[in-house]
Amino acid sequence: AARRPRTGGGVSPLLELDELHVWFDLGEGRELHAVQGVSLQLEPGQRLGLVGESGCGKTTTVLASLGLLPQTASVAGRVLLNGEDILAGGEDSIRPHRWTDLAIVFQGAMNALNPVQTVESQIVEALELHGRASGRMARLRVGELLEAVGIPRDRGTRFPHEFSGGMRQRAAIAMALSCDPSVLVADEPTTALDVMVQAQILELLDTLCREFGLALLLVT
């Protein structure tokens, strides 16, 4: 279980996990208690690392906080966003916040991106789905997002397999930023990248946090 850091200066936490538990139904009356009482607080603009060995439940913790676990999972505890328990009403209560307030960069961008859609069309879809922009304005916004993460805007018409591993991860970050979230969860964003590209991605996340005022939960 993660220790709960103290908030300083009277600042209310932006995101708080309060005694979060996750169980998986293994069938035949068996279950796995995968996450056991994790509590943490993330203040506006703060960067927090969630660190642990492989298989200890880090990814399960962040997926639970976004309501993205499979139906075989049961969750207890609270996930508070600006003081509101976004898990209290199930999918109906968390859907309005997912991607718009709380966004995630998944492990392995090749798996997170649709291989048969251009990068631009995938980000446009996110913008249109959440009512942030449509048509020409959405495409202009995609160009801005791509340039913000270090990709020339004209590369948006390419497919994910035409990008290098580092560029795919940058595109996944651009997609996560598309609806102006206040919290960005990065789930091992440098997995399978070489050391030089890992450093570039981490530096990019640091820069984006400062420029956009993001709170970052980095899983590693």
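Two strands count as paired if DSSP finds at least two bridges between them. Keep that in mind as you work through these exercises on a predicted model.

**Exercise 1. Strands 1, 4 and 5**

Find which residue of strand 4 stands opposite leucine 17, and work out how strand 4 connects to strand 5.

*Solution.*
- Step 1: Take strand 1, residues 15-27, and strand 4, residues 73-81; eight bridges link them in the antiparallel sense.
- Step 2: Look across from leucine 17, and you meet valine 79 of strand 4.
- Step 3: Move on to strand 5 (residues 84-85), which runs antiparallel to strand 4 and is joined to it by two bridges. Those two bridges satisfy the pairing cut-off of at least two.
- Step 4: Pick out one bridge here: leucine 81 has glutamate 84 as its partner in strand 5.
- Step 5: Inspect the turn. Strands 4 and 5 make a hairpin with two residues between them, and asparagine 82 in that turn has a positive phi of about 50°.

**Exercise 2. The parallel sheet**

Determine the strand order of the open four-stranded sheet and say which strands lie at its edges.

*Solution.*
- Step 1: Read off the order, 3-8-7-6, with parallel pairing.
- Step 2: Identify the edges: strand 3 (47-50) and strand 6 (102-105) each pair on one side only.
- Step 3: Check the twist. Neighbouring strands are turned by 20° against each other on average, direction ignored.
- Step 4: Zoom in on strand 6 and strand 7 (residues 183-187), which share four bridges in the parallel sense; here alanine 103 faces leucine 184 of strand 7.
- Step 5: Add the helix that lies across both strands. This is helix 6, running at about 170° to strand 6.

**Exercise 3. The core and helix 4**

Which residues touch the most other members of the largest nonpolar core, and which element gives the most to this core?

*Solution.*
- Step 1: Start with the core of 69 residues, where Leu15, Ile123, Val149, Ile173, Leu177, Val183 and Leu184 touch the most other members. Helix 6 gives the most to this core, with eight residues.
- Step 2: Follow valine 183. Leaving aside residues up to four places away in sequence, valine 183 touches Leu14, Leu15, Leu42, Leu81, Asp101, Leu102, Ala103 and Ala215.
- Step 3: Turn to helix 4 (residues 119-129), whose buried residues are Val119, Gln122, Ile123, Val124, Ala126 and Leu127. Their cover includes helix 5 (135-148) and helix 6 (165-177).
- Step 4: Finish just after helix 4, where glycine 131 adopts a positive phi of about 70°.
- Step 5: Set this against the general background: in soluble globular proteins, nonpolar side chains tend to be buried together.

Note on methods
Residues are numbered from 1 along each chain as its sequence is written. This is a predicted model: local features need pLDDT of at least 70, side-chain atom pairs count only at pLDDT 80 or more; totals for chains, interfaces and linings use all residues. Side-chain values use heavy atoms; hydrogens and water are left out. Buried means under 20% relative accessible area, exposed over 50%, partly exposed in between (1.4 Å probe, protein chains only). Contact means heavy atoms within 4.5 Å. A nonpolar core is a set of buried Ala, Val, Leu, Ile, Met, Phe, Trp, Tyr and Cys residues joined through side-chain atoms within 4.5 Å. Axes are lines fitted to C-alpha atoms, for helices over the stretch in contact, and angles run from 0 to 180 degrees between N-to-C directions.
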